[in-house]
Amino acid sequence: MTPRRVLRRLSAAGVALVLLAPMTAAVAQAKGPAQTKGPAQTRQPNVPVIAWGSCGTDPKLKPFQCASVEVPTDYDNPRGATTTIALTRLPAADPAHKVGTLFTNPGGPGGSGVDFVQQAAQVAYTPELRAKFDILGFDPRGVGHSDPVTCYPTAAEEAKATAGMPPFPVGAKEERQFIVDAAKLAAHCQTTSPDRLAHFSTANVARDMDLLRQAVGDAKLTYAGYSYGTYLGATYAKLFPNNVRALVLDGTLSPEWYSGSNGDKNPVGVRLKQGEGASDTYEQFLAECKKAGANCALNQLGDPKTVVESTFARLKTHPVDVPMPDGSTVKVTYALAVAITFSNLYDPAGFAGLAEMWAQLANPNQAKAKSAAKAPRTLIEWNRRKEEYTTSFGTVLQPCIEAKQSGRPLAYPAYAAAADRRAPHFGSYRAWVGVQCEFFGLKDTDAFLGPWPNKVKQPVLVFGTRHDPATPYEATRPYADLWPDARMVTVEGWGHTTLLKSACADRITTEYLVDLKAPADGSTCNQDRKPFDPLPTGKKALNLLPR
């Protein structure tokens, strides 16, 4: 998962792996993969002391402990200025037999590790794993409860500046305005948070994580990273290859695609192939709907693909206003429908709700006439998340200061059109997500951009889901090949990462982290349920990752 409202106003609920920035491989190479910072460094940073305490009065937070620590803002000056990192942990249930601390990162970039652990750790990990590990989440520098990167002085000013911004532009007029707004945003970010942005790279997050590893007393790192968290894992492996105990890398983000070190000059939103991944999962959604019969609402209206595609076409010229229970109205445009669909492809447990939304949108008169109490659950959830805004664009700007950009912001309409020909609807949506970073003049000169093959000796566990909209399955084997001993496990199913989807994957993860028992490379798992199977009574789909 999170800073939902800002991300949704910029890219309308897309996974945050969506921006890029002017960083050269030559600078990264000069730093060297095995060094904590530049070659001139002689002093080491102080290891922080963690004073765990209460997380507040909310009864739901009683099982957790919270703290904050100071780490160097700039590791070239390790005893200089500091930045605050917020932490939380779920203590091991069997401390007498504790193995250590499991560090986690839920992705984004910009996802709150504090929120992830507090909302998900008790259900996402098996009782055996929770017995043997403290499960730790931290908000990376510049994110959430840590010292945040901001682009406007206040949330109100940001809300005013971004009001009316579509998820992505449709048509020449919107495209021109979207590019202008992107340039304005970049200027605001660099004016408001230049010092924090200048040290915002994933490499510095990895350096922070290694200090935290020392602070909790672990000789080596035990880590579970999801989505962008696999990029953080790959970066940590380059900087600290001898400090690894065990790494679970789930929903792999290709470091070459993200950083641009593979020579691809496309924008990062194109390089990541999220359009293609989403298009594949969307086709799976429609095919599984057709097979589900009465369990999929679209089957009442005809062939699911015909119904949704015709509705997509109509929304381009005739948006639908849908009333919400809070009294507001959501205007569902073509762009918004694409964005909501993308977001709800993350978990097959949400496919039925997505189908219900499309069934209502397919009949615009019925959608308008429906009472607010009958609004599609998917739209209600979207509207509720929008109101949870507490942070700013700064939480999703990390690629702006560490990854390569195309250098051609005015060419984004052409990039988007080409991407949409390969992946209708989703190609254009994902192509536009990095345009703000084309106007960034800031960079973190201590970022690491490759080469990516590493020297970690321990086996690492790599998961890939067959139909993943955000981190396409085709990146999984190339990612695994970067490691001397990666054990790749394919999950036959749908959605983004394995969390709460496969008891088989949970068992493999537990055995690996607790006992260092790694599966054979090339192993497979199935998911526990089909997309349109009814959820058990009292259960609902949980959104655990930023999107």
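The following paragraphs describe the sheet, selected helices and salt bridges of a predicted model.

The strands considered here belong to an open sheet of nine strands, which are arranged in the order 1-2-4-3-5-6-9-10-11 with mixed pairing. The two edges of this sheet are formed by strand 1 (65-72) and strand 11 (523-526), each of which pairs on one side only. From one strand to the next, the twist averages 25°. As general background, the strands of a sheet pair through backbone hydrogen bonds, and the pairing may be either parallel or antiparallel.

Within the sheet, strand 5 has strand 3 and strand 6 as its neighbours in the order. Strand 3 and strand 5 run parallel and are joined by four bridges, with Asn105 standing opposite Gly225 of strand 5. On the other side, strand 5 and strand 6 also run parallel, and six bridges join them; here the bridge partner of Thr222 is Ala246 in strand 6. The connection between these two strands passes through helix 9 (residues 228-239), and strand 5, helix 9 and strand 6 together make a right-handed β-α-β unit.

The residues of strand 5 alternate in direction, since Leu221, Tyr223 and Gly225 point one way from the strand, while Thr222, Ala224 and Tyr226 point the other way, and all of them are buried. Because six of the six residues of strand 5 are buried, this strand is largely enclosed by the rest of the structure.

The sheet continues from strand 6 (residues 244-250) to strand 9 (residues 460-467), and these two strands pair in the parallel sense over three bridges, one partnership being that of Leu249 with Val462 in strand 9. Strand 9 is in turn joined to strand 10 by seven bridges, again with the strands running parallel, and in this pair Phe463 has Val489 of strand 10 as its bridge partner. Strand 10 itself is mostly covered, as eight of its nine residues are buried. Strand 10 then pairs with strand 11 in the parallel sense over four bridges, and the bridge partner of Val491 in strand 11 is Cys525.

The passage from strand 10 to strand 11 involves helix 21, and strand 10, helix 21 and strand 11 make a left-handed β-α-β unit, whereas the unit formed by strand 5, helix 9 and strand 6 is right-handed. Helix 21 (residues 503-515) lies across several strands, among them strand 3 (100-105), strand 4 (133-138), strand 5 (221-226) and strand 10 (486-494), and the helix runs at about 165° to strand 6.

Another helix, helix 15 (residues 351-361), is mostly covered, with nine of its eleven residues buried. The buried residues of helix 15 include Phe351, Leu354, Met357, Trp358 and Leu361, as well as Gln360.

A search of the whole structure finds 16 salt bridges, of which three are described here. In one of these, the side chains of Lys291 and Glu288 meet at 2.9 Å, N to O. Both residues lie in helix 12 (residues 274-292), where they are three residues apart, about one turn of the helix. In general, an α-helix has 3.6 residues a turn, so residues three or four places apart point the same way. The two partners nevertheless differ in their surroundings, as Lys291 is exposed, with a relative accessible area of 63%, while Glu288 is buried, with a relative accessible area of 10%.

Elsewhere, salt bridges that share partners join Arg89, Lys98 and Asp134 into one network. The side chains of Arg89 and Asp134 meet in a salt bridge at 3.3 Å, N to O. Because Arg89 lies in strand 2 (residues 82-90) and Asp134 in strand 4, this pair ties together parts that are 45 residues apart in sequence. The second salt bridge of the network is formed by the side chains of Lys98 and Asp134, at 2.9 Å, N to O. This pair also links distant parts of the chain, with Lys98 in the loop between strand 2 and strand 3, Asp134 in strand 4, and their positions 36 residues apart in sequence.

The members of the network are not equally accessible. Asp134 has 4% relative accessibility and therefore counts as buried, and Arg89, at 18%, also counts as buried, given that the cut-off for a buried residue is under 20% relative accessible area. Lys98, by contrast, counts as partly exposed because its relative accessibility is 38%.

Key:
Residues numbered from 1 in each chain as written. Predicted model: local features only at pLDDT ≥ 70, side-chain atom pairs only at ≥ 80, totals over all residues. Heavy atoms only, no water. Pairing = 2+ DSSP bridges. Axes fitted to C-alpha atoms, helices over the stretch in contact; angles between N-to-C directions. Contact = heavy atoms within 4.5 Å. Buried < 20%, exposed > 50% of the residue type's maximum accessible area, 1.4 Å probe, protein only. Right-handed = clockwise from strand over helix to strand, strands pointing away. Salt bridge = Lys/Arg side-chain N within 4 Å of Asp/Glu carboxyl O.
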